[in-house]
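Student: I would like a close look at one part of this model, please. Could you take me through the place where the two chains meet, and then set it in the context of each chain?

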Amino acid sequence: MALLSIQDLHVYLGESHVLQGISFDVAEGGVTALLGRNGVGKTTTLRALMGLVDRRGTIELAGDDIQSVPTHKIVRRGVGYVPEDRDVFSALTVEENLRLAERDAEPQYDLVYDLFPELRERGKQAAGTLSGGQQQMLAIGRALLNDNRVLLVDEPTKGLSPLLVTEVARVLERVSELTTVLLVEQNLGVVNHVARDAVVLDTGRVVHIGPAKELLADKPMIHRMLGVG
Amino acid sequence: MSTFLLLTITGLGLGAMYFLIASGLSLIYGLMGVLNFAHGIFITVTGYTLWFVESKLGDVPVLPRFLIAALAGLVVGTVFAALTELVLIRPLYGRHIEQVLVTVGLALAVTALVTAIWGSDARVVAAPAWTGQTTTIFGAHIPNDRWIEIATAVIVLFALEAFLRRTRYGLIVRAGVENRAMVTALGIDVRKSFTLVFAIGGLAAGIAGVLYTLYSTTVDPQQGTSLVIFAFIVVVIGGLGSIRGTAWAAIIVGLVQQYANYYASSGLGDLSVVLLLGIVLIARPRGLSGSFA
């Protein structure tokens with residue numbers, strides 16, 4: 001059974017019909033990549049799953065309908081979220097950002113500091129003064145603090161240096177051993193490295209579902225669907 | 001020298017009053033995006049409760065009588081603020097026009113109700129004698145109530161800072177001021193903190209109401225709404241959502257008002273504050289703290 005099942009999901013943003021009835025499943029374990037050109041609705045899909053935008057359709061988490069569940073309760077059911085622009089709280093320190101994210105009785109600080117030792121060293125530093133890469137570490141660390149059933153990660157390598165991209169890919173690989181990940185990512189090298197399945201969106205519709213490696217090996221299809229390669 | 005000192009201390013006293021009112025307004029807007037035009041009635045409700053209780057304790061000596069009445073006023077004012085959020089504001093989150101209409105309507109309705117019940121004339125409150133006397137420092141005769149106003153504002157400032165920095169709710173409020181949706185995406189029901197912030201705002205405004213009553217020894221139906229106008233200016237100058245910015249702005253506004261009234265012309269104080277607002281909006285549109293606005 002799919003851990004996350006999305007059926008006929010529609011989202012309107014103002015006059016724009018951004019998601020036009022998308023349907024796909026996210027299997028338990030591993031990384032499912034959500035791909036597509038800019039503006040096709042990838043980020044909106046994650047925001048819809050989180051309940052951060054008004055949506056219509058069916059969203060099931062392990063068989064439970066969460067379509068009408070408010071965001072904070074979706075999170076408490078075990079859905080972690082790493083947003084596209086990191087959205088760390090710039091006026092709060094690194095420690096405060098992490099403390100705010102605690103929701104389990106025993107938050108997994110050992111895991112977070114093991115993956116990102118720099119966060120421990122910079123605990124007293126205001127998050128707004130961190131570099132982009134450090135903010136990304138904090139955003140991912142914040143989500144990993146709790147025991148999630150599924151993690152929604154939106155473009156974690158966006159704007160990062162090649163060295164940091166490799167680092168993030170390594171972290172995602174480790175995270176995928178711990179929980180299920182739905183990953184929006186433009187960097188196909190990272191997708192190739194970590195993803196098992198791929199879902200491709202185009203203008204608000206699902207146009208491809210299948211194993212990620214097969215998709216990425218098919219250059220003409222990649223060029224047609226994603227405009228790269 | 002003595003005149004300047006007098007103007008400075010009384011200006012700080014005025015600033016202290018503005019800070020107490022503006023701090024709640026600032027937090028409420030910063031966290032919830034609610035422009036609370038009903039904030040002034042928290043002062044009115046506190047003031048009238050104080051007067052009502054004080055008038056019923058005729059046999060009790062003035063100081064304990066005033067303290068008991070002030071405490072009753074603060075409790076009622078705080079509960080009234082929390083109920084305002086729960087009953088009127090909560091159903092209207094995200095609907096800004098309706099929020100403005102309901103808070104303006106509430107302010108008008110409460111003022112009209114108070115006027116209908118107790119009349120438009122000011123009601124006299126017996127304040128402790130010491131607060132009506134002066135203390136002479138370097139030749140300046142400083143009214144004693146100003147010291148209480150300044151000391152109270154400093155205590156409230158430190159208490160708010162401690163709440164915001166040392167408690168989980170404070171953490172939620174600070175984060176919520178920055179990005180409310182992301183706080184929710186961390187699994188936190190941010191709306192629970194809305195009522196608390198409204199109650200804190202109501203309490204701070206109520207404290208201002210008690211201090212204003214101490215200063216004027218009267219309560220009247222309009223006192224809340226007249227004070228809240230300058231508090232809004234303080235909030236915009238200080239930067240919405242920033243307690244420290246609000247504190248600095250309150251001090252500046254209080255001093256400018258006093259100095260302008262004396263050194264320029266009586267009545268120019270209010271105009272000076274509006275000019276100051278214009279300058280800040282042009283030079284630093286996000287206010288002194290640089291956040292929001």
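Tutor: Happily; what follows starts at the contact and then moves out into each chain.

Please keep in mind that this is a predicted model. The contact draws 18 residues from chain A and 14 residues from chain B. On the chain B side, helices α6 (168–178) and α7 (180–184) each supply at least two residues. The top contributor on that side is α6(B), with five residues. Sorted by character, the chain B residues that touch chain A comprise eight nonpolar, three polar and three charged.

That makes α6(B) a good element to inspect. Is α6(B) largely enclosed or not? Eight of its eleven residues are buried, so the helix is largely enclosed by the rest of the structure. The buried ones are Leu171(B), Ile172(B), Val173(B), Arg174(B), Ala175(B), Gly176(B), Val177(B) and Glu178(B). What do they pack against? Their partners come from both chains: α3 of chain A on one hand, and α1, α5 (144–166), α7 and α8 (191–216) of chain B on the other.

Let us follow the chain A partner. Helix α3 of chain A covers residues 94–101, and Leu98(A) sits in it. Leu98(A) is buried, because 23 other C-beta atoms lie within 10 Å and 20 or more is the cut-off for that label. Leaving out residues up to four places away in sequence, Leu98(A) touches Val112(A), Gly141(A), Arg142(A) and Leu145(A). Take Arg142(A) from that list: its C-alpha is 5.4 Å from that of Leu98(A), although the two are 44 residues apart in sequence.

Now for the chain B partners, beginning with α1. In the largest nonpolar core, which has 164 residues, the members that touch the most others are Tyr18(B), Leu20(B), Ile21(B), Ala208(B), Ala231(B) and Val234(B). Helix α1 of chain B (residues 2–32) gives the most to this core, with 17 residues. As background, nonpolar side chains tend to be buried together in soluble globular proteins. Tyr18(B) shows where such contacts lead in this model: apart from neighbours within four places in sequence, it is in contact with Phe230(B), Ala231(B), Val234(B), Ala250(B), Val253(B) and Gly254(B).

Stepping back to chain B as a whole, we find eleven helices and four strands. Its radius of gyration is 19 Å, close to the 19 Å that the globule rule gives for 293 residues, so chain B is as compact as a globular protein of that length. The C-alpha trace of chain B spans about 55 × 45 × 35 Å along its principal axes. Of the 293 residues in chain B, 52% are buried. Among chain B contacts with a separation of 6 or more, 76% join residues 24 or more positions apart.

Chain A has ten helices and ten strands. Here the radius of gyration is 17 Å, close to the 17 Å from the globule rule for 229 residues, so chain A is as compact as a globular protein of that length. Its C-alpha trace spans about 45 × 40 × 35 Å along the principal axes. Buried residues account for 45% of the 229 in chain A. For contacts in chain A with a separation of 6 or more, 67% are between residues 24 or more positions apart.

One sheet in chain A deserves a closer look too. It is an open sheet of four strands in the order β2-β1-β4-β5, with antiparallel pairing. Strands β2 (16–26) and β5 (64–65) of chain A are at the edges with a single partner each, so one side of each has no neighbour in the sheet. Eight bridges join β1(A) to β2(A), and Val11(A) has Leu19(A) in β2(A) as its bridge partner. The hairpin of these two strands has two residues between them, and Gly14(A) there takes a positive phi near 65°.

On to the pairing of β1(A) with β4(A): five bridges join β1 (residues 4–13) to β4 (residues 56–61), again antiparallel. Leu4(A) has Leu61(A) as its bridge partner in β4(A), while Ser5(A) stands opposite Glu60(A). Lastly, helix α1 of chain A (residues 42–49) lies across β1, β2 and β4 of chain A, running at about 70° to β2(A).

Notes
Residues numbered from 1 in each chain as written. Chains lettered and ligands numbered in written order. Predicted model: local features only at pLDDT ≥ 70, side-chain atom pairs only at ≥ 80, totals over all residues. Pairing = 2+ DSSP bridges. Contact = placed C-beta atoms within 7 Å. Axes fitted to C-alpha atoms, helices over the stretch in contact; angles between N-to-C directions. Nonpolar A, V, L, I, M, F, W, Y, C, P; charged D, E, K, R; others polar. Core = buried A, V, L, I, M, F, W, Y, C linked by C-beta atoms within 7 Å. Buried ≥ 20, exposed ≤ 12 C-beta atoms within 10 Å, placed from the backbone. Rg over C-alpha atoms; globule rule 2.2 N^0.38 Å.
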